[in-house]
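Reader: I would like to learn how to read a protein model feature by feature. Could you walk me through one?

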Amino acid sequence: NAPKFRSDPVMFGLQENTAVNSTVWTFSATDVDSGRNGAVRYRIMDQLPNGNNFRIDPVTGALETTTTIDREQTSQFTLVVEATDQPVNSSHARTKTTTARILVEDVNDNTPVFVSRTETYVMEDEPVGYHVMYVIAVDDDYGDNGRVTYQIISGNQGGKFLLDPNTGLLAIERRLDRETESQYILNVTATDHGTPSRSASHLITIHVRDVNDNQPRFLQDTYMASVSENQNPGTSVIQITALDADAGTNGVLTYNIPRGVAEDRFTIEEQTGVIRTAFRLDREEKDSYVVTAYA
């Protein structure tokens, strides 16, 4: 009679990170013959993949780990185990094999890792709902252990941005204004659904780009100045100043006095706003002028 396994084939689960030298299964085969003809010894004929992760006690059939098992490297193993009886004449030995499939069960041993960029730009006039970017983190664990949820922890002043917890889509929630806030640094977390959960944080810098949405404003609505008559043309009268809250070239100003204003008696320097006389003035001819300037 040949040995006979109690279970054939065999399938069982093995938790990853099980300690080396741990007994994970015991194979059992019986032989109805008596004496040495009924004594059974075990051996592993083949194991796939990486044929050195397990060993078997030849007498008891106990299967032990020889390496640390990592599900992210190998999710299952297949073993072919042989049971052989022990007659005096080994040439008369009879054998039986069984196939064991070992499924590696996941442990939440990986922390989410962000793979999306850390910096982006958005125009200040983009509409509510505009898609800024996708925040992406990956987790090598399986199932809920690898399922990630996103959240903004800090940096979202005024609630300007909305982050979808499941997809990682970051969108504009409220209108932006670069003149109020030109940059946001969002602290975002990715948390898996394992027990206990694991999380990672990620800083995203959002630069708000300027749109020419502000008009220049003079520091004063009305300026008063005086100048002596008979001064040479080019005499400085007054400097007027305007400001623009926009950035870059959108905030660079030039000044002008339209042709025909104040009988063309005055000029203005485009860059500085300094108003000068264009002719000799005669108080007896005219004692005051109203000059309208633009920025």
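**Strands and their partners**

Author: Gladly, and let us begin with a pair of strands: E6 and strand E7 (residues 62-65) run antiparallel and are joined by three bridges. Within this pair, Phe54 stands opposite Thr65 in E7. Keep in mind that the model is predicted.

Reader: What is the general idea behind such pairing?

Author: Strands of a sheet pair through backbone hydrogen bonds, and the pairing can be parallel or antiparallel.

Reader: In what order do the strands of the open sheet E3-E7-E6 lie, and which of them stand at the edges?

Author: The order of this open, three-stranded sheet is E3-E7-E6, and the pairing is antiparallel. Strand E3 (23-26) and strand E6 (54-56) stand at the edges; each has a single partner strand, so one side of each lacks a neighbour in the sheet. From one strand to the next, the twist averages 25°.

Reader: Which strands does E23 pair with?

Author: Strand E23 (residues 274-277) pairs with strand E20 (residues 236-239) in the antiparallel sense, over three bridges. E22 is also joined to E23 by three bridges, and these two run antiparallel. Look at Arg276 in E23: it is the bridge partner of Ser236, and it is also the bridge partner of Thr267. The hairpin of E22 and E23 has five residues between the strands, and there Gly273 takes a positive phi near 80°.

Reader: Now the backbone angles. What should I look for?

Author: Most residues other than glycine have a negative phi, and most peptide bonds are trans. Exceptions are therefore worth picking out, given that general rule.

Reader: Which residues have a positive phi although they are not glycines?

Author: Asn17 is one of them, with a phi of about 70°. Asn17 sits in the loop between E2 and E3, and it counts as partly exposed because its relative accessibility is 39%, within the range from 20% to 50%. Glu263 is another case, at about 60°. Its loop lies between strand E21 (242-243) and strand E22 (266-268). Glu263 has 43% relative accessibility, so it too counts as partly exposed.

Reader: And where are cis peptide bonds found?

Author: The bond from Asp8 to Pro9 is cis, with omega near 0°, and Pro9 belongs to the loop between strand E1 (4-5) and strand E2 (10-15). The bond from Leu48 to Pro49 is cis as well, with omega near -15°. Pro49 is in the loop between strand E5 (40-48) and E6.

Reader: Let me try a single side chain. Is Asp210 buried or exposed?

Author: Asp210 is buried, because its relative accessible area is 15%, and the cut-off for buried is under 20%. Its place is the loop between strand E18 (199-209) and strand E19 (217-218).

Reader: What does the side chain of Asp210 make polar contacts with?

Author: One polar contact, at 2.9 Å, is with the side chain of Asn250. In addition, a polar atom of the Asp210 side chain lies 3.1 Å from the backbone nitrogen of Ala247. Leaving aside residues up to four places away in sequence, Asp210 touches Met123, Glu124, Arg178, Glu179, Asp246, Ala247 and Asn250.

Reader: Which residues of the largest nonpolar core touch the most other members?

Author: That core has 22 residues, and those touching the most other members are Phe114, Tyr150, Phe161, Leu170, Leu186, Val188 and Ile206. At least two of its residues come from each of strand E12 (131-134), strand E14 (148-154), strand E15 (161-163), strand E16 (169-172), strand E17 (183-192) and E18. Another core lies apart from this one; it has 21 residues, including Leu14, Ile44, Phe77 and Ala83.

Reader: Zooming out, how do I read the overall shape?

Author: Start with the radius of gyration: the protein chain has 42 Å, whereas a compact globule of 295 residues would have one near 19 Å. Along the principal axes, the C-alpha atoms fill a box of roughly 145 × 30 × 25 Å. The chain has 23 strands and zero helices, and buried residues make up 36% of its 295 residues.

Reader: What share of the contacts with a separation of 6 or more joins residues 24 or more positions apart?

Author: Such pairs account for 66% of those contacts in the protein chain.

Definitions and conventions: Residues are numbered from 1 along each chain as its sequence is written. Side-chain values use heavy atoms; hydrogens and water are left out. Helices (H or I, at least four residues) and strands (E, at least two) are DSSP runs, numbered from the N terminus. Buried means under 20% relative accessible area, exposed over 50%, partly exposed in between (1.4 Å probe, protein chains only). A polar contact is a pair of N or O atoms within 3.5 Å; within protein, one must be able to donate a hydrogen and the other to accept it, and residues adjacent in sequence count only if both atoms are side-chain atoms. Contact means heavy atoms within 4.5 Å. Two strands pair if DSSP finds at least two bridges between them. Axes are lines fitted to C-alpha atoms, for helices over the stretch in contact, and angles run from 0 to 180 degrees between N-to-C directions. A nonpolar core is a set of buried Ala, Val, Leu, Ile, Met, Phe, Trp, Tyr and Cys residues joined through side-chain atoms within 4.5 Å. The radius of gyration is taken over C-alpha atoms; the globule rule is 2.2 Å times the number of residues to the power 0.38.
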